[in-house]
Structures are given as C-alpha cells and as structure tokens.
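Biologist: I have a new structure open and would like to learn how to read it. Could you take me through some features?

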Amino acid sequence: NVSGNRLTVGGRTGYNIIVIKCLIFDVTEEQMNTEGEKGNRIPSGCAIAGVFSETGENVSGSIITDAMRTMRERSNGLGGGFAGYGIYPQYKDYYAFHVFYADKEAKKACEDYLDEKFEIINLSKIPVRKNPRITDEPLIWRYFVMPDHNLLRDSQLDEREYVARRVIKINNEIKGAYVFSSGKNMGCFKGVGYPEDIGDYYKLEEYAGYGWTAHGRYPTNTPGWWGGAHPFSLLDLTVVHNGEISSYDANRRFIEMFGYKCTLLTDTEVITYALDFLVRKKGLTMSEAAAVIAAPFWTTIEHMPEERRVVCEYLRKEFPGLLMTGPFSILVGWNGGMMALNDRLKLRSMVTAKNGSRTYFASEECAIRRMDENAGGLFAPRGGEPVIVTLKGEKSDPPITNLNCFAEGNIDI
C-alpha cells in the first residue's frame with residue numbers, strides 16, 4: 001500500500017522508496033506496485049548476453065537482438081537495453097552522449113550546460129523506428145562532444161575525470177535530463193520494453209561493432225522506467241546485471257564518499273561506479289577489481305598459495321566497503337574489452353563459449369546457439385571467476401591464474 005511518501009508492506013512502514021519520483025519522470029503508484037504483467041516477483045529473473053570479437057571484426061547489432069529473443073521469459077517488458085563498442089568509427093575521438101529528456105525545457109537546460117562546458121561537434125535525435133509495444137518514450141538525443149580545452153586546462157583534471165564529473169552533475173542537478181551513455185566510440189541504447197523490441201526501436205541492425213552486451217529486465221526493487229533499464233554506464237564502462245545485491249546500502253555509502261551520486265536506487269548503478277572507481281581511479285586491473293567485488297571468504301584465502309593469498313588479503317582489507325554480497329551475474333564492457341563475473345557462490349547462471357575470434361556470454365546456452373550454432377568449448381565459470389577478453393594488441397590483464405583468487409589454473413578462451 002502506497003500513501004503519500006509512505007510505503008506499507010506487511011504492516012511495516014518505510015519512507016525511503018518514493019524518492020525516485022524526483023528524478024526524470026513522475027512514477028505513478030501503479031508503476032511502483034507493478035513487477036511484471038501480473039505483479040509477480042521473480043528474483044532470479046533478468047537475462048544478459050554478450051559477444052566480443054578479439055580481432056575487432058564488426059558484429060551486427062541484429063545478432064545480439066536475436067539472442068535476446070530466446071530468453072524472453074526471463075524479462076517482463078519493463079526494461080531492455082544494449083551497449084555497442086566500435087559503433088561510431090567516424091567520431092571515435094569524441095565522447096558520444098546519449099541523453100533522455102522529459103521535456104523541451106530539460107533539453108534546453110542541458111544543451112545550455114553542454115555548450116558551456118564542451119565543444120559540440122555534432123548533435124541529432126537518435127534514429128528510432130516506431131513500435132506499438134514501445135510507449136511513453138522520452139526525447140532521445142545524441143551529442144558528440146569534447147571538453148572545452150580552456151576549461152579543461154583550468155580545471156587541472158584529466159580529460160576523463162572532467163567528463164565524468166560533468167555527466168554526474170547533469171544527472172544529479174538538471175531536472176528532467178539523464179545522460180545514459182557517455183563514452184568514446186560506443187553507445188548504450190535502452191528503454192522500457194522487451195529487449196528485442198528495444199533493439200527494433202533503436203534500429204540496431206544498422207549498427208556494427210566489435211562488442212555488444214544486452215539485458216532483459218525483470219525489476220524486483222525499483223519501477224520499470226527508461227533511466228532504470230540496463231546497461232548502466234559511466235564514460236565507456238557499462239554493466240548489465242542479473243541478480244540482487246544485498247550489500248547495496250553499504251556499497252553506496254562507500255562509493256559516495258568519492259564524489260559519486262547514486263540517484264537511481266538500484267544496485268547496478270553502484271556496481272558501475274564501483275568498477276569505475278577501482279579501475280579508472282585506483283588503477284586496478286579488471287581481474288583485481290573482480291577480486292574486490294566478488295572477494296573470496298577469509299577461510300578460502302587462508303589456504304591459498306602465498307602469491308594469491310597476499311593479493312587477496314590486500315584487496316579485502318583495502319576495499320572492504322565494495323565487497324558485494326547476494327546473487328549476481330554481470331557482463332562488464334569497456335573500450336577494448338569485456339568481462340563476465342558471477343557472485344562468489346555462483347547463485348546466478350552464466351555460460352560462455354567461443355568460435356574463432358569471437359567469445360559469447362549469456363544467461364542461457366540457447367542465446368549463444370542463436371548467435372553462433374557452431375560455438376564450442378561451452379562452460380560455466382565458477383563463482384568469483386572472471387572471464388576476460390580483450391582486443392588483440394590491447395594491453396590485457398595478467399593471466400587469470402595469477403590474479404583470480406579462486407581459479408586453480410588458467411582459463412584458456
């Protein structure tokens with residue numbers, strides 16, 4: 001029962017959920033109470049999938065869209081989305097901002113801010129195809145920008161930090177505007193609907209890139225709305241997530257000490273900011289970051305070989321507030337790489353396979369077979385075991401056997 005700013009469930013009352021109404025769009029009481037077409041709660045829901053070409057070969061967006069069709073029952077139509085890498089080669093040196101607007105006033109306020117802080121190289125509506133199953137869409141615009149060189153110099157920040165701070169400021173302070181993608185030569189496409197309908201809506205068959213991730217949402221704690229769909233992103237880092245982080249509040253308090261603002265009340269936002277903090281700001285590799293958020297138990301660390309034990313002990317002691325508990329499987333994308341990771345108890349499904357230079361990830365094998373029926377070497381990574389692929393010639397992590405706190409040996413993919 002929702003009344004005013006108060007939520008009553010089973011006789012207990014709380015006051016902290018309706019705050020999401022102040023974000024972009026007014027979320028109705030009906031939306032707040034709806035989880036799926038019949039109001040059912042399926043905490044093991046959500047579907048994720050990904051494909052990555054180590055040679056940089058272009059993969060059509062239609063491939064990842066078709067993969068999501070096979071996992072339709074894992075979603076409920078309240079969110080779907082995709083992230084593509086290498087999709088803007090003609091603007092590869094510029095930051096591609098994808099922005100939702102609630103109305104024209106929000107658009108004007110945001111564009112005034114962008115014009116003040118950035119050099120706008122190109123701007124346009126993101127092309128879409130009308131779909132009767134996609135409704136109540138916001139204004140969706142795309143901007144290719146670079147930081148104003150004088151402001152960047154005066155800020156004494158590196159370029160990526162300058163951009164990240166401006167994105168956080170827009171999302172936190174400009175009412176009705178939400179930057180949902182902000183990296184170079186990549187872009188997120190998301191909304192309220194089944195993922196295959198979202199892919200059709202954004203005409204993903206017209207895009208091609210070396211890496212794609214996808215998500216079908218079954219929200220369990222927050223309403224289905226355009227900004228809450230996955231992927232979540234900051235700069236070129238994106239996360240799609242199946243699961244529920246029970247340590248959300250502790251993780252949120254930790255990350256907000258370092259300038260991040262978690263405004264969406266969703267655990268996937270915290271995962272994204274945590275990985276950005278660990279990798280971009282603290283200089284950890286993705287393997288090391290995985291050993292922070294899916295850290296082994298202390299009893300496991302005690303029996304490790306000394307080299308791994310020292311690394312895992314240090315990471316657990318240095319970043320205790322970023323240990324994420326609860327069931328999850330995630331796909332993380334960034335320029336030049338992709339990582340699949342489960343929680344340390346392997347409470348959510350995730351499988352991977354390979355064919356030539358392409359590596360595939362999905363919640364279910366059927367999605368991989370839809371992308372490539374000849375993919376081989378299918379296996380399910382163990383809990384806490386990161387599977388990382390990078391472009392050939394790109395700097396990659398040291399072998400997983402040296403950094404993963406769980407693996408007995410190297411994973412050859």
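Modeller: Let's go from the whole chain to a sheet, the cores and a single loop residue. Keep in mind that this is a predicted model.

Biologist: Happy to start wide. How many helices and strands are there in the protein chain?

Modeller: The protein chain has 13 helices and 21 strands. Of its 413 residues, 58% count as buried. The accessible surface comes to about 17,200 Å², and carbon and sulfur atoms hold 47% of that.

Biologist: What share of the contacts with a separation of 6 or more comes from residues 24 or more positions apart?

Modeller: That share is 73% in the protein chain.

Biologist: Now a sheet, please. What is the strand order in the open sheet of 7 strands?

Modeller: The order is 11-6-13-4-19-18-20, and the pairing is antiparallel. Strand 11 (186-191) and strand 20 (376-379) are the edge strands, each pairing on one side only. From one strand to the next, the twist averages 10°.

Biologist: Which pair of strands could I look at in detail?

Modeller: Try strand 4 (residues 47-53) and strand 13 (residues 211-216), which run antiparallel and are joined by 6 bridges. Within this pair, Ile 48 has His 215 of strand 13 as its bridge partner.

Biologist: Which strands does helix 2 lie across?

Modeller: Helix 2 (residues 61-69) lies across strand 4, strand 6 (80-85), strand 13 and strand 19 (358-362). Its direction is at about 30° to strand 13.

Biologist: And how should I think about a core?

Modeller: The general idea is that in soluble globular proteins, nonpolar side chains tend to be buried together. Here, the largest nonpolar core has 59 residues, and Phe 97, Leu 278 and Val 332 have the most contacts inside it. Helix 8 (residues 267-281) gives the most to this core, with 7 residues. A second, separate core has 55 residues, including Ile 48, Phe 189, Tyr 202 and Phe 232.

Biologist: What is Val 332 in contact with, leaving aside its neighbours within four places in sequence?

Modeller: Its contacts include Leu 237, Val 239, Leu 275, Met 286 and Met 338.

Biologist: Last, a loop residue. Is Asn 131 buried or exposed?

Modeller: Asn 131 counts as buried because its relative accessibility is 6%, and the cut-off for buried is under 20%. Asn 131 is in the loop between strand 8 (118-125) and strand 9 (139-147). Its side chain reaches the backbone nitrogen of Arg 133 at 2.8 Å. Not counting residues up to four places away in sequence, Asn 131 touches Asp 197 and Asp 200.

How values were computed. Residues are numbered from 1 along each chain as its sequence is written. This is a predicted model: local features need pLDDT of at least 70, side-chain atom pairs count only at pLDDT 80 or more; totals for chains, interfaces and linings use all residues. Side-chain values use heavy atoms; hydrogens and water are left out. Helices (H or I, at least four residues) and strands (E, at least two) are DSSP runs, numbered from the N terminus. Buried means under 20% relative accessible area, exposed over 50%, partly exposed in between (1.4 Å probe, protein chains only). Contact means heavy atoms within 4.5 Å. Accessible areas come from the Shrake-Rupley method with a 1.4 Å probe; for residues, only the protein chains shown count as cover. A nonpolar core is a set of buried Ala, Val, Leu, Ile, Met, Phe, Trp, Tyr and Cys residues joined through side-chain atoms within 4.5 Å. A polar contact is a pair of N or O atoms within 3.5 Å; within protein, one must be able to donate a hydrogen and the other to accept it, and residues adjacent in sequence count only if both atoms are side-chain atoms. Two strands pair if DSSP finds at least two bridges between them. Axes are lines fitted to C-alpha atoms, for helices over the stretch in contact, and angles run from 0 to 180 degrees between N-to-C directions.
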